[in-house]
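User: Could you take a close look at one part of this structure for me, and then follow its links to the rest? Please spell out the cut-offs as you go.

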Amino acid sequence: KNIKTLDGSKVYDMRGVSFNRTDLSDKEGSGVIAQEIQKVAPELISVAEDGTLGVAYGNITGYLIEAIKDLKAEIEELKNHKCDGCTK
């Protein structure tokens, strides 16, 4: 119900990072910053009772798929572009 294609260009406003957790574990991790993702795609964020933000990492996949399709279309367009006087 209410199915819509995602805007893959939102991926360009997302930033992948490495980090150390701020809890007692201080574990190293990688991913995205929830506060940044919330500005780009708020539907990917959940808020726990204590106010902690969580990221639905699996749901980012849909955006990645659409971004890849956009890039593929751009590559195909460039490959098919005929250029008079171009040098390789």
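Analyst: N2 counts as exposed, at 62% relative accessibility; exposed here means over 50% relative accessible area, buried means under 20%, and partly exposed is in between (1.4 Å probe, protein chains only). The model is a predicted one, in which local features need pLDDT of at least 70 and side-chain atom pairs count only at pLDDT 80 or more, while totals for chains, interfaces and linings use all residues. Residues are numbered from 1 along each chain as its sequence is written, and side-chain values use heavy atoms, with hydrogens and water left out.

N2 sits in the segment before β1, so let's stay with that segment for a while; helices (H or I, at least four residues) and strands (E, at least two) are DSSP runs, numbered from the N terminus. The backbone of N2 deserves a glance: its phi is positive, about 60 degrees, although N2 is not a glycine. Most residues other than glycine have a negative phi. D26 also has a positive phi, near 55 degrees, and is likewise a residue other than glycine. You will find D26 in the loop between β1 and β2 (28-31), where D26 is partly exposed at 47% relative accessibility.

Back in the segment before β1, the next stop is Y12. Together with L71 and I75, Y12 forms a nonpolar patch on the surface with about 300 Å² of accessible area. Such patches are made of residues with over 30% relative accessible area and no salt bridge, where like charges are joined within 9 Å and nonpolar side chains (Val, Leu, Ile, Met, Phe, Trp, Tyr) within 5 Å; the areas come from the Shrake-Rupley method with a 1.4 Å probe, and for residues only the protein chains shown count as cover.

R15 brings in a charged link. R15 and E36 form a salt bridge, with their closest N and O atoms 2.5 Å apart; the term stands for a side-chain nitrogen of Lys or Arg within 4 Å of a carboxyl oxygen of Asp or Glu. R15 lies in the segment before β1 (17-20) and E36 in helix α1 (residues 34-40), so this pair ties together parts that are 21 residues apart in sequence. Both partners are partly exposed, R15 with a relative accessible area of 45% and E36 with 28%.

Now look at M14, which leads inside. Setting aside neighbours within four places in sequence, M14 is in contact with I37, V40, A41, L44, I60 and Y63, contact being heavy atoms within 4.5 Å. M14 is also among the residues with the most contacts inside the largest nonpolar core, together with I37, L44, V55, I60 and Y63; this core has 13 residues. A nonpolar core is a set of buried Ala, Val, Leu, Ile, Met, Phe, Trp, Tyr and Cys residues joined through side-chain atoms within 4.5 Å. The elements that give two or more residues to the core are α1 and α2. In soluble globular proteins, nonpolar side chains tend to be buried together.

Helix α1 has an outer side too: K39, found in this helix, is exposed with a relative accessible area of 74%. Q35 of the same helix is partly exposed at 47%.

That leaves α2, which has 24 residues and reaches 35 Å from its first C-alpha to its last, close to the 34 Å expected at 1.5 Å a residue; the expected span is 1.5 Å times one less than the number of residues. I60, Y63, E66 and A67 of α2 are buried, and what covers the buried residues of α2 includes β4 (53-55).

E66 adds a charged note to that list: E66 is buried, at 15% relative accessible area, and meets K69 in a salt bridge (3.1 Å, N to O). The two are three residues apart in helix α2 (residues 57-80), so about one helical turn separates E66 from K69. K69 itself is partly exposed at 47%. A further salt bridge joins E76 to K79, the closest N and O atoms being 3.7 Å apart. This pair is also in α2, three residues or about one turn apart, with E76 partly exposed at 31% and K79 exposed at 59%. A search of the whole structure finds three salt bridges.
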